[in-house]
Amino acid sequence: MNDLERLGGPEAVRGHIEAFVSRVFDDFIIGFQFANSDKQRVIEHETTFALRHLSGGRHGYSGRPLHQVHKPRRINRGQFRRRLAILRTVLGERGVPPDIIDRWVEHEQGMMNLVVDGTDCVPQADPSRKADPES
Ligand code: HEM
């Protein structure tokens, strides 16, 4: 039985993605990124994206290439980690088995460089700057 079958099939996955995408759109840290996005369209493509890896490639992905969608948006690594945290939380709340959650999150983690702009959510330390004794 693959992960998709264990989860109860494509409709069950769609339910998980609907809950996840809704949480992301309403999130106080990364929700602003979706201000001009069509939620139903994102749900549609996120569902096929998840189905592809959960089925071991038996389902196809319907959306645009990830780098094309995300690179123009200046998404930093903190925002990326926030998405992963929301994914883990929502799947856990919905009773997805922990081993499937781990594989799902790990799969997304591996795609970080297609999505982020190379910056973090805090400024990089500048090695040429001396530590400020006042602070
Ligand atoms: C591995 C992590 C991620 C995956 C797998 C992923 C997946 C997707 C997919 C499948 C779509 C729909 C593509 C399409 O419309 O053709 C999408 C859209 C979008 N994603 Fe991501 N995403 C990831 C991370 C992020 C992060 C961290 C952010 C921002 C915090 C983000 C912001 C967006 C936005 C704003 C859209 C809508 C684009 C539009 O309206 O045209 N994504 N994502």
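**Close-ups of a predicted helical chain**

Of the 135 residues in this chain, 16% count as buried. Keep in mind while looking around that this is a predicted model.

**View 1. The whole chain, seven helices and zero strands.** Follow the sequence from start to end and you read the pattern α-α-α-α-α-α-α. Measured out along the principal axes, the C-alpha atoms fill a box of roughly 60 × 30 × 25 Å. Now take the contacts between residues at least 6 apart in sequence: 68% of them join residues at least 24 apart.

**View 2. The shell around the ligand, 22 residues in total.** Which residues come nearest to the ligand? They are Ser-37, His-45, Gly-63, Arg-64 and Glu-108. Three helices, α3 (39-54), α4 (66-70) and α5 (77-93), each put at least two residues into this shell. The largest share belongs to α3, with five residues. As for chemistry, the shell holds 10 nonpolar residues, along with six polar and six charged ones.

**View 3. Where α2 crosses α5.** Helix α2 covers residues 10-25, and its axis comes within 10 Å of the axis of α5. The two axes cross at roughly 135°, so α2 and α5 are oblique to each other. The cut-off behind that word is that an angle has to be over 145 degrees to count as roughly antiparallel. As for handedness, α2 passes α5 in a right-handed crossing.

**View 4. The side of α2 that meets α5, residue by residue.** What does α2 bring to this contact? On its part, His-16, Ala-19, Phe-20, Arg-23 and Val-24 take part. Across from them, α5 offers Arg-83, Ile-86, Leu-87, Val-90 and Leu-91. Sort the residues of this contact by type and you get seven nonpolar, one polar and two charged. Besides meeting α2 here, α5 is also one of the helices that supply the ligand shell of View 2.

**View 5. Gly-118, in the segment after α7.** The helix just mentioned, α7, spans residues 112-115. Is Gly-118 buried or exposed? Gly-118 has 8 C-beta neighbours inside 10 Å, and 12 or fewer makes a residue exposed, so Gly-118 counts as exposed. For a sense of distance, pick Ala-12 as the other end of a line: the C-alpha atoms of Gly-118 and Ala-12 are separated by 34 Å. Along the chain, these two residues are 106 residues apart.

Technical notes:
Residues are numbered from 1 along each chain as its sequence is written. This is a predicted model: local features need pLDDT of at least 70, side-chain atom pairs count only at pLDDT 80 or more; totals for chains, interfaces and linings use all residues. Helices (H or I, at least four residues) and strands (E, at least two) are DSSP runs, numbered from the N terminus. A residue is buried if 20 or more other C-beta atoms lie within 10 Å of its own, exposed if 12 or fewer, and partly exposed in between; C-beta atoms are placed from the backbone. Two residues are in contact if their C-beta atoms, placed from the backbone, lie within 7 Å. A residue is near a molecule or strand if its C-beta atom, placed from the backbone, lies within 6 Å of it. Ala, Val, Leu, Ile, Met, Phe, Trp, Tyr, Cys and Pro count as nonpolar, Asp, Glu, Lys and Arg as charged, and the others, Gly among them, as polar. Axes are lines fitted to C-alpha atoms, for helices over the stretch in contact, and angles run from 0 to 180 degrees between N-to-C directions. Angles under 35 degrees count as roughly parallel, over 145 as roughly antiparallel, 65 to 115 as roughly perpendicular and the rest as oblique. A crossing is left-handed if the near helix is turned anticlockwise from the far one by less than a right angle, and right-handed if clockwise.
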